[in-house]
Amino acid sequence: MVRLRIVDDGLADAHVLVLGTGGLNASMIPYLCGLGIGQLTLLDRALASSRQVGDLLDKHRPDVVAAQVDSADELGRWVNDACATREIPLVCTGMWHTEAIVWSVDPGLSGCLECAFRQQPDSAATRNRGSRGIGQISALLGELTAFEILRILTRFEEPAYAANSLFVDFANGGATHEQPWPRDPTCPVCGPKLAQPYR
Ligand SMILES: [Zn+2]
């Protein structure tokens, strides 16, 4: 019955672009399939510039982008810039030593990653991360990420991690905490487009 309601909410017509199919994202993809999302585009290639990411978005025109950002800060900024300027929601996962992180950007409603860089240069969303996503951790993050994508696509509730990083500390029994970051009205990426920010 839940599935029927979700399909009625438009998931069958939704398109999610997944950047990176290994590691953490590998466990998310089956959950997206199970939700009944109509179109998934899976890309697993090295990205070299914001322009290249933008070209991918212009070609595939997704409703949401899901990215694993755990290597270079530049990649996170490229994806954020390309998504924010096109007003495409972005959901990201990554690992920071023994901590997992999930965050999202809801263009026009939340701050973006550049806001975090400008105001909280040491915030987890901006850290250079090393992936240690073993199977069980990958599965948990896949569930959390897919659920955030479901929120964005159906709007049955507000995105939980928009400009609000969720941490799961696997060195401390899986304890969780959140770290919101404020929007920056002067942000060159999203500032002029912010309307009614959550935070
Ligand atoms: Zn911003």
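These exercises work through a predicted model of one protein chain with a zinc ion.

**Exercise 1. Take stock of the chain.**
How many helices and strands does the chain have, and how do they run from the N terminus on?

Step 1. Count the elements. The chain has 6 helices and 7 strands.

Step 2. Read them in order. From the N terminus on, the elements run α-β-α-β-α-β-α-β-β-α-α-β-β.

Step 3. Check burial. Of the 199 residues in the chain, 51% are buried.

Step 4. Check the contacts. Take those between residues at least 6 apart in sequence: 71% of them join residues at least 24 apart.

**Exercise 2. Lay out the sheet.**
What is the order of the strands in the open sheet, and which are the edge strands?

Step 1. Write the order. The open sheet has 7 strands, arranged S2-S1-S3-S4-S5-S6-S7, and the pairing is mixed.

Step 2. Find the edges. Strand S2 (39–43) and S7 each pair on one side only, which marks them as the edge strands.

Step 3. Add the twist. On average, neighbouring strands of this sheet are turned by 15° against each other, direction ignored.

Step 4. Place a helix. Helix H3 (residues 50–60) packs on the sheet and touches strand S1 (15–19), S2 and S3. The direction of H3 makes about 155° with that of S2.

**Exercise 3. Contrast two strand pairs.**
Parallel or antiparallel: how do S3 and S4 pair, and how do S6 and S7 run?

Step 1. Take strand S3 (residues 64–68) and strand S4 (residues 90–96). They pair in the parallel sense over 4 bridges. For Ala66, the bridge partner in S4 is Val91.

Step 2. Take strand S6 (residues 164–169) and S7. They run antiparallel and are joined by 6 bridges. Leu166 has Glu178 as its bridge partner in S7.

Step 3. Look at the link. S6 and S7 form a hairpin with 5 residues between them. In the turn, Gly173 has a positive phi of about 70°.

**Exercise 4. Describe the zinc site.**
Which residues are the protein donors of the zinc ion, and what arrangement do the donor atoms make?

Step 1. List the donors. They are the SG atoms of Cys112, Cys115, Cys187 and Cys190, lying 2.2 to 2.4 Å from the zinc ion.

Step 2. Test the geometry. The 4 donor atoms subtend angles of 95 to 127° around the zinc ion, so the arrangement is tetrahedral. The ideal angle for four tetrahedral donors is 109.5 degrees.

Step 3. Map the donors onto the sequence. Their spacing is C-x2-C-x71-C-x2-C.

Step 4. Trace what is joined. Cys112 lies in the loop between strand S5 (99–105) and helix H5 (113–119), and Cys190 in the segment after strand S7 (175–180). The pair therefore ties together parts that are 78 residues apart in sequence.

Step 5. Look for disulfides. The structure holds 0.

**Exercise 5. Sort residues by burial.**
Buried, partly exposed or exposed: what are Cys187, Cys33 and Ile137?

Step 1. Start at the zinc site. Cys187 has 1% relative accessibility, so Cys187 is buried. Cys112 and Cys190 are both buried as well.

Step 2. Move to Cys33. Its relative accessibility is 48%, so Cys33 counts as partly exposed. The cut-off for exposed is over 50%.

Step 3. Finish with Ile137, in helix H6 (residues 135–154). At 12% relative accessibility, Ile137 is buried. Ile137 and Ser27 are 110 residues apart in sequence, yet their C-alpha atoms are 9.3 Å apart in space.

Conventions: Residues numbered from 1 in each chain as written. Predicted model: local features only at pLDDT ≥ 70, side-chain atom pairs only at ≥ 80, totals over all residues. Heavy atoms only, no water. Donors = N, O, S within 2.8 Å, 3.2 Å for Na, K, Ca; no water. Tetrahedral: all angles 85-135°; square planar, octahedral: opposite > 155°, others 65-115°. Buried < 20%, exposed > 50% of the residue type's maximum accessible area, 1.4 Å probe, protein only. Disulfide = S-S within 2.5 Å. Pairing = 2+ DSSP bridges. Axes fitted to C-alpha atoms, helices over the stretch in contact; angles between N-to-C directions. Contact = heavy atoms within 4.5 Å.
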